[in-house]
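Biologist: I am new to this structure and would like a close look at a single part of it. Please take the salt bridges and go through them pair by pair.

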Amino acid sequence: MLSQAVRPALRTGSTVVARAAVPQSANYATLREIEGRLKSIRNIEKITKTMKIVASTKLTRAQKAMTDSRTYGQVSNKVFEEAETKPLEEKKTLMVICSSDKGLCGGIHSGLTRATRKLLSENSNLDLAVIGEKSKSQLSRSNPKNIQLSFAGVGKDVPTFADAQAIADQICLLPEEYASIRILYNKFINAQSYEPVAIEAYSEEAIANSPNFAAFEIDDAVLGNLREYTLANSLYWALAEGHACEQSARRNAMDNASNNASDMISKFTILYNRTRQAVITGELVEIITGATASEDM
């Protein structure tokens with residue numbers, strides 16, 4: 001039987017223990033949340049580092065294909081430069097946008113879309129043929145009426161001339177006769193930077209009306225084949241260079257994501273250790289308080 005003097009002290013000690021139990025359970029819940037968050041961030045870091053390695057490997061192949069495609073495209077354009085070919089201004093122009101279906105590569109597709117919208121604001125009479133689902137989805141929200149043709153399944157591997165030829169075939173089957181076809185793509189400057197650039201692909205009539213075209217002694221019967229071949233060359237150049245830019249941008253984006261994940265892991269590790277230390281301190285306070293209460297009894 002406890003004395004009346006001891007009972008208030010016992011009630012006071014019980015109240016202290018009860019009050020301390022509430023933040024303890026909250027701290028344990030917080031520790032589990034932080035631990036779960038740390039595990040998620042570490043998994044994300046593993047994924048981004050792996051994607052960076054894959055993008056670095058693909059970039060080497062993409063740069064080789066880009067170098068080869070430049071030879072095709074620049075030699076093809078040299079013919080029109082010597083012939084002084086100019087687009088016909090009285091007819092419409094088709095703008096071909098070279099993006100891809102894949103994301104996680106920074107703002108490379110958004111940059112193409114912004115450049116396209118700028119050109120459309122200057123000339124709303126442009127028709128669009130969009131290669132890749134990324135730019136298509138963005139342009140469909142702002143300029144759906146301008147899109148005449150679209151292509152999917154692009155960006156899975158290094159572009160080939162056969163891919164460019166298949167796209168050129170579909171473009172040539174469009175019912176509208178265009179004065180010129182402008183191909184908008186991302187030009188590879190270095191491993192850290194790129195910029196949207198447009199190259200020209202001319203119509204048969206524009207090629208035939210070139211001032212110096214007669215010097216090449218090309219029969220009129222093969223003029224259509226020449227036009228389609230040069231269009232495929234330019235598309236191959238644009239697709240290969242855009243693919244190299246995409247792999248470079250993806251590698252940089254995954255590198256930045258990995259660095260951000262490392263910073264978050266460091267911050268959450270410090271928070272976890274501080275919270276754990278606070279829980280241990282709270283437990284020690286409870287033990288000391290309980291021991292003190294027992295001695296008073």
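Modeller: A salt bridge here is a side-chain nitrogen of Lys or Arg within 4 Å of a carboxyl oxygen of Asp or Glu. The model is predicted, and it holds 8 salt bridges by that criterion. Three of them are described below.

Some background on the chain helps to place them. The protein chain contains 6 helices and 5 strands, and their order from the N terminus is α-β-α-β-α-β-α-β-β-α-α. Of its 297 residues, 39% count as buried.

One pair is Glu45 with Lys49, where the closest N and O atoms are 3.6 Å apart. Both residues belong to helix 1, and because they are 4 residues apart there, about one helical turn separates them. The two partners differ in cover: Glu45 is buried, at 13% relative accessibility, while Lys49 is partly exposed, at 44%.

A second pair is Asp68 with Lys64, again with 3.6 Å between the closest N and O atoms. These residues also lie 4 apart in helix 1, so about one helical turn lies between them. Asp68 is partly exposed, with 34% relative accessibility, and Lys64 is exposed, with a relative accessible area of 56%.

Helix 1 calls for a word on confidence. It spans residues 6–83 and has the lowest confidence in the protein chain, at a mean of 73. Over residues 1–24, pLDDT stays under 50, and the model has 11 contacts beyond four places in sequence for that stretch. For the protein chain as a whole, pLDDT averages 82, and 86% of the residues score at least 70.

The third pair is Asp127 with Lys92, whose closest N and O atoms are 3.0 Å apart. Asp127 lies in strand 2 and Lys92 in the loop between helix 1 and strand 1, so this salt bridge ties together parts that are 35 residues apart in sequence. Asp127 is buried, with a relative accessible area of 7%, and Lys92 is partly exposed, with 22%. Strand 2, residues 127–131, has the highest confidence in the protein chain, at 93.

That third pair can be set beside the contacts of the whole chain. Among contacts between residues at least 6 apart in sequence, 78% join residues at least 24 apart. The salt bridge of Asp127 and Lys92 links parts 35 residues apart, whereas Glu45 and Lys49 are 4 residues apart in helix 1.

Definitions and conventions
Residues numbered from 1 in each chain as written. Predicted model: local features only at pLDDT ≥ 70, side-chain atom pairs only at ≥ 80, totals over all residues. Heavy atoms only, no water. Helix = DSSP H or I, 4+ residues; strand = E, 2+ residues; numbered from the N terminus. Buried < 20%, exposed > 50% of the residue type's maximum accessible area, 1.4 Å probe, protein only. Contact = heavy atoms within 4.5 Å. pLDDT = per-residue confidence, 0-100.
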